[in-house]
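Colleague: I've got a few "how do you know that" questions about this one. Could you take me through the reasoning as we look?

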Amino acid sequence: MVFEKIREIIAEQTGKDVEEITLETNVKEDLDADSLDLFQIINDIEDEFDVSVEDPESIVTVQDAVDFVEKNQKSEFFNGEFVDVHEKALFVRRMECYGS
């Protein structure tokens with residue numbers, strides 16, 4: 001899910017086809033993204049996944065972006081929508097206690 005959404009964000013910003021974008025894709029070199037493209041991609045990722053990228057230069061490949069989001073996101077896709085990780089944990093615990 002994270003990869004697919006990041007892939008869409010990058011494709012939209014760079015004008016490339018999503019099929020051209022893999023985990024190994026270097027956003028700047030392989031997709032000819034300039035600094036403004038990179039800035040917008042980072043902003044869109046931050047907004048979409050509720051993360052804050054302190055060191056944008058650390059995100060070189062799509063895999064870097066996916067790894068960063070998976071490690072730092074405060075929300076995740078659950079039951080058809082993005083929810084706060086803590087809210088999801090509470091929901092799951094309640095379901096375990098009371099049954100589904």
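Colleague: Let's start with I42. Where is I42 found?

Modeller: I42 sits in helix 3. Keep in mind that this is a predicted model.

Colleague: And why does I42 count as buried?

Modeller: Residues under 20% relative accessible area are called buried. I42 has 11% relative accessibility, so it counts as buried.

Colleague: Which residues is I42 in contact with, leaving aside neighbours within four places in sequence?

Modeller: Those are V53, P56 and I59. Take I59: I42 and I59 are 17 residues apart in sequence, and their C-alpha atoms are 8.8 Å apart in space.

Colleague: What about T61, then? Why is T61 called buried?

Modeller: The cut-off is again under 20%. T61 comes in at 19% relative accessibility, so T61 counts as buried. T61 lies in the loop between helix 3 and helix 4. Setting aside residues up to four places away in sequence, T61 touches L23, E24, T25, N26 and V27.

Colleague: Let me zoom out. How many helices and strands are in the chain?

Modeller: The chain has 5 helices and 2 strands, and along the sequence the pattern reads α-α-α-α-β-β-α. Of its 100 residues, 32% count as buried.

Colleague: What share of the contacts with a separation of 6 or more comes from residues 24 or more positions apart?

Modeller: That share is 47%.

Colleague: On to helix 1. How does its reach compare with what's expected at 1.5 Å a residue?

Modeller: Helix 1 covers residues 2-14, which is 13 residues, and reaches 18 Å from its first C-alpha to its last. The expected value is 18 Å, and the reach is close to that. Helix 1 is followed by G15, whose phi is positive, near 75 degrees.

Colleague: Which residues of helix 1 are buried, and what covers them?

Modeller: The buried ones are V2, F3, I6, R7, I9, I10, A11 and T14. Their cover includes helix 2 (27-31), helix 3 (35-49) and helix 4 (62-72).

Colleague: What do you go by when you describe two packed helices?

Modeller: The angle between their axes, together with the distance between the axes.

Colleague: Then what makes helix 1 oblique to helix 4?

Modeller: Their axes come within 10 Å and cross at roughly 130 degrees. That angle falls outside the parallel, perpendicular and antiparallel ranges, the last of which starts over 145, so helix 1 is oblique to helix 4. The crossing is right-handed.

Colleague: Which residues meet there?

Modeller: From helix 1, V2, F3, I6 and I10 meet V62, A65, V66, V69 and E70 of helix 4. By class, this contact has 8 nonpolar, no polar and 1 charged residues.

Colleague: And how do helix 1 and helix 3 cross?

Modeller: Their axes come within 10 Å and cross at roughly 145 degrees. Helix 1 passes helix 3 in a right-handed crossing. Helix 1 contributes V2, K5, I6, I9, I10, Q13 and T14 to the contact, while helix 3 contributes D37, Q40, I41, D44, I45, E48 and F49.

Colleague: What does that contact of helix 1 with helix 3 have by class?

Modeller: It has 7 nonpolar, 3 polar and 4 charged residues.

Definitions and conventions
Residues numbered from 1 in each chain as written. Predicted model: local features only at pLDDT ≥ 70, side-chain atom pairs only at ≥ 80, totals over all residues. Heavy atoms only, no water. Helix = DSSP H or I, 4+ residues; strand = E, 2+ residues; numbered from the N terminus. Expected span 1.5 Å × (residues − 1). Buried < 20%, exposed > 50% of the residue type's maximum accessible area, 1.4 Å probe, protein only. Contact = heavy atoms within 4.5 Å. Axes fitted to C-alpha atoms, helices over the stretch in contact; angles between N-to-C directions. Parallel < 35°, antiparallel > 145°, perpendicular 65-115°, else oblique. Left-handed = near helix turned anticlockwise from the far one by under 90°. Nonpolar A, V, L, I, M, F, W, Y, C, P; charged D, E, K, R; others polar.
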